[in-house]
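Let's take a friendly walk through this structure, with the sequence and the 3D view side by side. A few words need pinning down before the tour begins.

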Amino acid sequence: MSKIIDTIENLPNLLPLKPATVEEVENAEIELALPFADDYKEYVLKYGAIMADDVELTGIAKSKNRDVVQVTRREWKANGNIGHNMYVVENVGIDGIIIWQDCSGKIYESTPNHYAKQIANDLSSYLESK
């Protein structure tokens, strides 16, 4: 089992959605004009999107609050300090904190009207730190 899948499987009260297809992932990358990191692709292909205790990750989902394309576009528009080289992994729901990932897999955190700062090297490390 890969690191990201193992990490997600160990989240308490895990509630996954429907796995995404390769075509859905490719379409989301095209819509954002941005490639996803390998661990993010692996995650959405297995789970689509997830919720667990203290975690609600974006992904390939019908919900406007979980769909990575809709959430990312909304957050790009809300914070002009964020370049279009990152997509939203999680809206923490506290003080406007947004968690981002770039195509190399690094994880960043931003607050309203501020630049993002790196907080983890990959999605697994971020989840383990929660």
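## Buried and exposed

A residue counts as buried when its relative accessible area is under 20%, and as exposed when that area is over 50%. Please keep in mind that this is a predicted model.

## Helix α2 and its two sides

With those words in hand, start at helix α2, residues 22–32. Its buried residues are Val-25, Ala-28, Glu-29 and Leu-32. They span an arc of only 100° around the axis, so they sit on the same side of α2. On the face turned away from that buried side, you will find Glu-23 and Ile-30, both exposed.

What do the buried residues of α2 pack against? Their partners are α3, α4 (68–78) and β4 (86–91). Just after α2 comes Ala-33, which has a positive phi of about 55°.

## Helix α3 and its tyrosines

Helix α3 covers residues 38–47, and its buried residues are Asp-39, Tyr-40, Tyr-43, Val-44 and Tyr-47. These cover an arc of only 130° around the axis, which places them on the same side of α3. The residue that follows α3 is Gly-48, with a positive phi near 80°.

Three of the tyrosines deserve a second look. Tyr-40 is buried at a relative accessible area of 0%. Tyr-43 is also buried, at 0% relative accessibility, and Tyr-47 is buried with a relative accessible area of 4%.

## Aromatic pairs

A pair of aromatic rings is described by how far apart the centres are and by the angle of the planes. How many aromatic pairs does the structure hold? There are 5 of them. One is formed by Tyr-40 and Tyr-43, which meet edge-to-face, 5.5 Å centre to centre and with 65° between the planes. Both residues lie in helix α3, 3 residues apart, or about one turn of the helix.

Tyr-43 also pairs with Tyr-47: the ring centres are 6.4 Å apart and the planes stand at 35°, so this pair is tilted. Tyr-43 and Tyr-47 are 4 residues apart in helix α3, and about one helical turn separates them. Looking beyond the single pairs, Phe-36, Tyr-40, Tyr-43, Tyr-47 and Tyr-87 form one aromatic cluster.

## The largest pocket

Rolling a probe the size of a water molecule over the atoms shows where empty space is left. The largest pocket has a volume of about 240 Å³. Its lining includes Leu-17, Lys-18, Pro-19 and Ala-20, as well as Ile-60, Ala-61, Lys-62, Asp-67 and Val-69. Glu-24, Ala-28 and Glu-31 line the pocket too.

Which helix gives the largest share of this lining? That is α2, with 3 residues. By class, the lining has 7 nonpolar and 5 charged residues, and no polar ones.

## A closer look at Lys-18

One of the lining residues is Lys-18, found in the loop between β1 (15–16) and α2. Is Lys-18 buried or exposed? Lys-18 has a relative accessible area of 58%, and because the cut-off for exposed is over 50%, Lys-18 counts as exposed.

Apart from neighbours within four places in sequence, Lys-18 is in contact with Glu-24, Tyr-47 and Gly-48. Glu-24 is itself part of the lining of the largest pocket, while Gly-48 is the residue that follows α3. If you would like a distance to check in the viewer, Lys-18 and Gln-70 are 18 Å apart, C-alpha to C-alpha, and 52 residues apart in sequence.

Terms used:
Residues are numbered from 1 along each chain as its sequence is written. This is a predicted model: local features need pLDDT of at least 70, side-chain atom pairs count only at pLDDT 80 or more; totals for chains, interfaces and linings use all residues. Side-chain values use heavy atoms; hydrogens and water are left out. Buried means under 20% relative accessible area, exposed over 50%, partly exposed in between (1.4 Å probe, protein chains only). Helices (H or I, at least four residues) and strands (E, at least two) are DSSP runs, numbered from the N terminus. The arc is that of the directions from the helix axis to the C-beta atoms. On a 1 Å grid over the protein atoms alone, a cavity is a set of points where a 1.4 Å probe fits but cannot get out, and a pocket is an open set with protein on both sides within 12 Å along at least five of seven lines; lining residues have an atom within 4 Å of a point. Grid points are joined across faces, edges and corners, and a volume is the space filled by probe spheres set on the points. Ala, Val, Leu, Ile, Met, Phe, Trp, Tyr, Cys and Pro count as nonpolar, Asp, Glu, Lys and Arg as charged, and the others, Gly among them, as polar. Contact means heavy atoms within 4.5 Å. Rings of Phe, Tyr and Trp (its six-membered ring) pair if their centres lie within 6.5 Å; planes under 30 degrees apart count as stacked, over 60 as edge-to-face and the rest as tilted.
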